[in-house]
Amino acid sequence: MAPPHTPSPAPSASPGVHHPLFARFYARFSVSADAKGGLGALRAELLAGLSGRVIEIGAGNGLNFAHYPAGVTEVVALEPESRLRRLAQEAALRSPVPVTVLPDTAEALPLEDASFDAAVASLVLCTVRNLPQALAELHRVLRPGAELRFFEHGLADSPGLAR
Ligand SMILES: C[S@@+](CC[C@H](N)C(=O)[O-])C[C@H]1O[C@@H](n2cnc3c(N)ncnc32)[C@H](O)[C@@H]1O
């Protein structure tokens, strides 16, 4: 059996995520929101104190990676959208902790049971197609007593941002 942090040799059985317009938009918008909208500080707060092996679902362009504390020994990050995944792979090279980026969705994790100390979901639980399945998968790969750190948003007041 392949070690848990390497990509599955066979193509994933989970449905792909193909949102090229969203990916272009998010790659720009998210960087600006981090710097000017204060999201960077919230990411640091979300990840503070984590340690050991961490799984991050829907990592986008990898904006969390810079904020993982030194106690994290490995991050396995999943990003099914190809453009965002390429950006996440670039961000992984600059990360202070080791990050492996995989193409899988949260609903079908190619990872061993009870093999992670924490899971991170930022701005993604509102996006996954099958939330109960994704949460069940996270529960499966987390060891007993592990943490799920999540960060979500409400509906924006302005119609443009809400859309
Ligand atoms: C709003 S972005 C958030 C990205 C990143 N987590 C962040 O904090 O900036 C949502 C991400 O979830 C990904 N995504 C969509 N469906 C998914 C699924 N079923 N499993 C995992 N990730 C998914 C998208 O490709 C996108 O990168």
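Author: Ala, Val, Leu, Ile, Met, Phe, Trp, Tyr, Cys and Pro count as nonpolar, Asp, Glu, Lys and Arg as charged, and the others, Gly among them, as polar. On that basis, the lining of the largest pocket has 25 nonpolar, 13 polar and eight charged residues. This is a predicted model, where local features need pLDDT of at least 70 and side-chain atom pairs pLDDT 80 or more, while totals for chains, interfaces and linings use all residues. Numbering runs from 1 along each chain as its sequence is written, and side-chain values use heavy atoms, without hydrogens or water.

Reader: What makes something a pocket here, and what volume has the largest pocket?

Author: On a 1 Å grid over the protein atoms alone, a pocket is an open set of points where a 1.4 Å probe fits, with protein on both sides within 12 Å along at least five of seven lines; lining residues have an atom within 4 Å of a point. The largest pocket comes to about 1300 Å³, and 46 residues line it, with Phe-22, Tyr-26, Leu-123, Thr-127 and His-153 nearest its centre.

Reader: Which element gives the most to that lining?

Author: That's H1, with six residues. Helix H1 (20-36), helix H2 (39-47), strand E1 (52-57) and helix H5 (159-162) each supply at least two; helices here are DSSP runs of at least four residues (H or I), strands of at least two (E).

Reader: How do you know where the ligand sits?

Author: A molecule sits in a pocket if more than half of its atoms lie within 2 Å of the pocket's grid points. The space the ligand takes is the largest pocket.

Reader: Why is the Tyr-26 pair called a polar contact?

Author: An N or O atom in the Tyr-26 side chain lies 2.6 Å from a ligand oxygen. A polar contact is a pair of N or O atoms within 3.5 Å, so this pair qualifies. Ligand nitrogen atoms are also involved: one is 2.9 Å from a backbone N or O atom of Ala-106, and one is 2.8 Å from an N or O atom in the side chain of Glu-107. Taken alone the ligand exposes 600 Å² (Shrake-Rupley, 1.4 Å probe), and the protein buries 95% of that.

Reader: What makes up the shell around the ligand, by class?

Author: It splits into 10 nonpolar, five polar and four charged residues. Of the 19 residues around the ligand (near means a heavy atom within 4 Å), Tyr-26, Arg-43, Gly-58, Glu-79 and Ser-122 come nearest.

Key: Polar contact = N/O pair within 3.5 Å; in protein donor to acceptor, adjacent residues only side chain to side chain. Points joined across faces, edges and corners; volume = space filled by probe spheres on them.
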